Amino acid sequence: MSRRYFGTDGVRGRVGEDPITPETVLKLGWAAGRVLAAQNGEENSLVLIGKDTRISGYLLESALESGLSAAGVDIRLIGPMTTPGIAYLTRTARAQAGIVISASHNPYEDNGIKFFSSQGTKLADEVEAAIEDMMQQPLRVVDSARLGKVKRFPDAAGRYIEFCKSTVPHRLSLDGLSIVVDTANGAGYQIAPHVFAELGAKVISIAADPDGFNINRECGSTAPELLQKTVLEHKADIGIALDGDGDRVIMVDARGERVDGDQLLYIIAFAQHALGQLRGGVVGTLMTNLGLEHALATKNIPFKRAAVGDRYVLQLLLENGWYLGGESSGHIICRDKHTTGDGIIAALQVVAAMCEAGKTLAELKTGMQIFPQTTVNVRMQRRFDLKKSAAVQQALREVERELGNAGRVVLRASGTEPVVRVTVEAQDIRLVERLSQALADAVREAAKEVA
């Protein structure tokens, strides 16, 4: 489908530049409202709106509210709430859709609009296409008697905190566990610390003082140095860092070492397998570390790779009837717990695994070896089809032959810039560096011929 507004994760951009302008967002709200009204009946449409802590959230919330009301859709305003929290509340409130105003891990200058269906899943392609088509129509306001009404959603934070706690065994107590929680000055600042504290942990909360501008700034899952430093300073057992909208998580062990999404996925998969609760296999992406695949193979746990992006991970999970998947960035989907990736819920599963096994986070991660991985970005003046270049394909075959089963290579063109990414992964770092450079050189030479 050719998209003008929707990307792989909603509509996103720099605030003040199309499509993240008041005019376009108002029209987007109206178009979404009209599509939902057509699907659900003119009198029965309800949409929830939540946001992260960016200063632009106020502006975009008002624009969406106006557009939806003009379409005759009722609105419930949630205020600051994690993206997965809005997915959950949309489903339990029996709303027709949920809208999240967030640009996830991006800086505050960016923002975006994400949609969830009534089931708490991302909108189907055909619904997004219908909204884009409606955007091309003139905006017509319904009769005054049918304008959408706006109310605040009651106790959103409390409801979601209880749901998060319900995803681990009732007997689980974190008493005696010291946890540093970094909420990236984002949407989880009123949620995550309470979840772990109410389960009994001693919580040291950091990056939980949003001012509209400091979301993701030198904190959170994309900048774990603050978390690592704080864990060591407080001699905490673990650290947990979310991103700005709370759908990603990375963790830090008591030694201050970072534990990424691949390692967290390994810990959750092995814990579920040990308890006989792992349903099917595990889905990663093209960039998932080879060490995870090898570790899962020791327990005969099936593993498949999706394209990069949580949308594609979820799609492959659904196709196979599996329930656990994720990305190296820490976007982990526990489909037996929730309909979408959730940083708090993923962290809870890891903490529960620690308590169940009576082991530290550092001990749990030791069963997975991280393979050295190198990515070389080859910039070019003009894009070309890598599969049609005989020289590139010959170089690729030579690298794959030398790696054999001990490594892997990923050769892919960026979807957003004129760059080819050459990634090689194996146990021997010197081999990785040599082969990645050799393949990158072949791509550079081929690029010169088409420039």
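Start with the open sheet of 4 strands in this predicted model. Select β13, β12, β14 and β15, and you have the strands in their sheet order, with mixed pairing. The edges are β13 (303–306) and β15 (332–334), each of which pairs on one side only. Looking from one strand to the next, you should see a twist that averages 20°.

Now move to the middle of that sheet. Select β12 (residues 282–285) together with β14 (residues 324–326): the two strands pair in the parallel sense over 2 bridges. To find a specific pair, pick Val283, whose bridge partner in β14 is Gly325.

Next, bring in the helices that lie across these strands. Select residues 290–297 for helix α9, which lies across β12 and β13 and runs at about 155° to β13. Then add residues 310–320 for helix α10, which lies across β12, β13, β14 and β15. Its direction makes an angle of about 140° with β13.

Stay here for one side chain. Which loop holds His331? Select the loop between β14 and β15, and His331 is there. Is His331 buried or exposed? Its relative accessibility is 5%, so His331 counts as buried. Show its surroundings and, leaving aside residues up to four places away in sequence, you will find that His331 touches Asp247, Arg248, Asp310, Gly325, Gly326 and Gly341. Two of these names tie back to earlier stops: Gly325 is the bridge partner of Val283, and Asp310 lies at the start of the α10 range, residues 310–320.

Now jump to strand β5, residues 110–117. Here 8 of the 8 residues are buried, so the strand is largely enclosed by the rest of the structure. Turn on the side chains to sort them by direction: Asp110, Gly112, Lys114 and Phe116 point one way, while Asn111, Ile113, Phe115 and Ser117 point the other way.

Keep β5 selected and add its partners. Strand β1 (residues 11–14) runs antiparallel to β5 and is joined to it by 4 bridges; look for Gly13, whose partner in β5 is Asn111. Strand β4 (residues 97–101) also runs antiparallel to β5, with 5 bridges joining the two. In this pairing, Ile99 has Phe115 as its bridge partner in β5.

The next stop is a helix pair. Select α1 (residues 22–40) and α4 (residues 125–135), whose axes come within 8 Å and cross at roughly 120°. The two helices are therefore oblique to each other, and α1 passes α4 in a right-handed crossing. To see the contact, show Thr24, Lys27, Leu28, Trp30, Ala31, Ala32, Arg34, Val35 and Gln39 on α1, and Val127, Ala130, Ile131, Met134 and Met135 on α4. Colour them by class and you get 10 nonpolar, 2 polar and 2 charged residues.

Finish with a second helix pair, α13 (residues 390–403) and α14 (residues 429–450). How do these two helices pack? Their angle is about 170°, with the axes 9 Å apart, and they are therefore roughly antiparallel to each other. On α13, select Val392, Ala395, Leu396, Val399, Glu402 and Leu403; on α14, select Leu431, Arg434, Leu435, Leu439, Ala442, Val443 and Ala446. This contact has 11 nonpolar, no polar and 2 charged residues.

How values were computed. Residues numbered from 1 in each chain as written. Predicted model: local features only at pLDDT ≥ 70, side-chain atom pairs only at ≥ 80, totals over all residues. Heavy atoms only, no water. Axes fitted to C-alpha atoms, helices over the stretch in contact; angles between N-to-C directions. Parallel < 35°, antiparallel > 145°, perpendicular 65-115°, else oblique. Left-handed = near helix turned anticlockwise from the far one by under 90°. Contact = heavy atoms within 4.5 Å. Nonpolar A, V, L, I, M, F, W, Y, C, P; charged D, E, K, R; others polar. Buried < 20%, exposed > 50% of the residue type's maximum accessible area, 1.4 Å probe, protein only. Pairing = 2+ DSSP bridges.
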